[in-house]
Amino acid sequence: MRILRELSRRKLRTSLTITGITIGIWALVVFSSLANQINGLVGMGSEYFADKIVVTDGMAFGSSPMRLDDVEIIAGLDGVGAVQPKVEIPWDPDPAIGFGAPDFLVGTIPGADAGFETFTLELATGRQLIAEDTGNVVVLGSTIARKYGVVAGGTVDIRGESFEVLGTLQPTLSSPDTNGFIPLSTAQALYLGDLPPLVAESLQADELANQIVVFPEVGADPTTVAAAIEAAVENSATMTGAEFSETVGATTVIFNAIIIGVAAISLIVGGLSVINTMAMSVAERTREIGIRRAIGGSRRRIVRELVAEAGVIGLLGGLIGLGLGAAVVVLVNEAGRSSGTVLFDLTAQTAAFAVGFSTILGMVAGIIPAWTAARLDPVSALRYE
Amino acid sequence: MNLIEATDLRKTYRLSRRTSIDALQGVDVSIAAGEMVAIMGPSGSGKSTLMHLLGLLHAPDTDDGPAPTLRIDGVDATTLSDGERTSIRARSMGFVFQSFNLVPTLTAEENVALAAEYAGTSGSAARVAARASLASVGLAERAGHRPMELSGGEQQRVAIARALVNDPKLILGDEPTGNLDSSRAAEVLGLLRRFNRERGQTVLIVTHDQEVGAACDRIIRMRDGRIIADERVPDVQFAA
């Protein structure tokens, strides 16, 4: 194309300008992908917590034991649909420090949700836990299954004991991916072992829970039910879906704002670079612009031709920036996938937006230099040396 | 009706708040279709300015004197906007300059096609017209070359092809032979004469070369912004 030929007149200058845009778009792509992933996870989390109330010990979230007796108390309250006791403990009692969600063992009684749980876990292999399952059996989330390289029928080592893998799940991009689901009784026994001896002495495994998931009845207000629970059960703390969204929501707003701010700054710099380059290019081509005007090129045409050039600079910067950003996203995601750390989600919308935005940025940046060019008097422009 | 009818043409160029140049002091001129006219005079005589006005590159001054009239092919050109003047230039006029003024990044064919595009002809039709125009000046095989690969004479012939591609009514040359040696100059002059005789295109040449003047039908002489003589050339001298 003629425009490419024109741009290759000054290869170094054009390359540097394109690099400016590339850096801005690269930042936009990488950070937007990060935001996409976080927003996606938050969305899933919000979805998960939306219809339930999580009850834990009032003092220390989830780490102190509650009693199964509390389940009875809660079940008797107004507006409560189903009550599901859980024991959630770390997979590894001395977890190594890592990025991303640590693996957890989740002990439940399948079916205790009485159909209230709408967040479905799809199977990849094997079968789900059923209420009758006992002992050392486990259903693994997708990330753990991949980490240990097992499917249904295999075995996996948990805290020194061999567990039979009943099934593995499809990825959910949420916490179940890093959970191993075991029977409640098995989890209770392990939990008792984790507690400090002084506390454990006075307790029995089968009466323990460290989380009680409460499903409000259809039409009941979760906030009211949560308040009733806190009143009825000694030493309890509740968290509703609304509270979860609020807490997380505030953080993500700030996070997203930082991301957008960084990308915006990079792009302003890139845009200024295009303005500068186009202005220089126009100054060097004063005579040529005079020729075009003299032989009948209207001002509008001259502007269009120059804005198109600037747009191509933006487009090239956008494509390269997208390519490099995608490379980073893919490489980092692959590196982190086995440990469950998938940081980026590069969607088609983000990609299209990045390239479209850079092209338009280039065109807009080219308008003022183009307009200056078009306003030149053809005769004086022709005499310019 | 004459192709160009103009009266009371004036032009002052303002260089700064205090200095200005009175390039044209008041000129009346008529040019019939099909004439080949030379406009001659020393530098500062206003000959280039007259050509710029007749070529609609600038508009005549309307203040400081009687209202100017400028009719080109029957159209009143004194009140046209820049866009309208540009449009007429594109369709009805062809320019040939002393320093060729081809776009350096475009090939000969693309340079000529550019003029066609500006006149409203689209892509492939423009290129076809460009090739035909280049053929008529004998440069068909050089169509794919860029200006820096062409000699001065060839570049000027490309410029003529460009000036002719839209079959304009008026061809304006500003010292078209100024940068050429005598044989190339004769070649260029020959082309202009041929198109003038064969296609009836009106040709206006600003020059200070006597031989160029002698090759035209009519010489308008200027001095200090006015026409001081306007004579027919008795027997047109031209050695092919």
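**Entry 1: strand 3 of chain B**

I began with strand 3 of chain B, residues 36-40, and found this strand mostly covered, with 5 of its 5 residues buried. I note that the model is predicted.

I then looked up the direction in which each residue points. Met36(B), Ala38(B) and Met40(B) point one way from the strand, while Val37(B) and Ile39(B) point the other way. Residues pointing in either direction are buried; I applied the cut-off of 20 or more other C-beta atoms within 10 Å.

**Entry 2: strands paired with strand 3**

I next looked up the bridges of strand 3 of chain B. Strand 8 of chain B, residues 202-207, runs parallel to strand 3 and is joined to it by 5 bridges. Within strand 8, I recorded Thr207(B) as the bridge partner of Met40(B).

Strand 9 of chain B, residues 218-223, is also parallel to strand 3, and 4 bridges join the two. Here I recorded Arg218(B) as the bridge partner of Val37(B).

**Entry 3: contact between chains A and B**

I turned to the contact between the chains, to which chain B gives 18 residues and chain A gives 16 residues. On the side of chain B that touches chain A, I listed the elements that give two or more residues: helix 2 (82-92), strand 6 (93-97) and helix 3 (108-118). Helix 2 of chain B supplies the largest share of that side, 6 residues.

Finally, I sorted the residues on this side of chain B by character and obtained 8 nonpolar, 7 polar and 3 charged.

Technical notes:
Residues numbered from 1 in each chain as written. Chains lettered and ligands numbered in written order. Predicted model: local features only at pLDDT ≥ 70, side-chain atom pairs only at ≥ 80, totals over all residues. Buried ≥ 20, exposed ≤ 12 C-beta atoms within 10 Å, placed from the backbone. Helix = DSSP H or I, 4+ residues; strand = E, 2+ residues; numbered from the N terminus. Pairing = 2+ DSSP bridges. Contact = placed C-beta atoms within 7 Å. Nonpolar A, V, L, I, M, F, W, Y, C, P; charged D, E, K, R; others polar.
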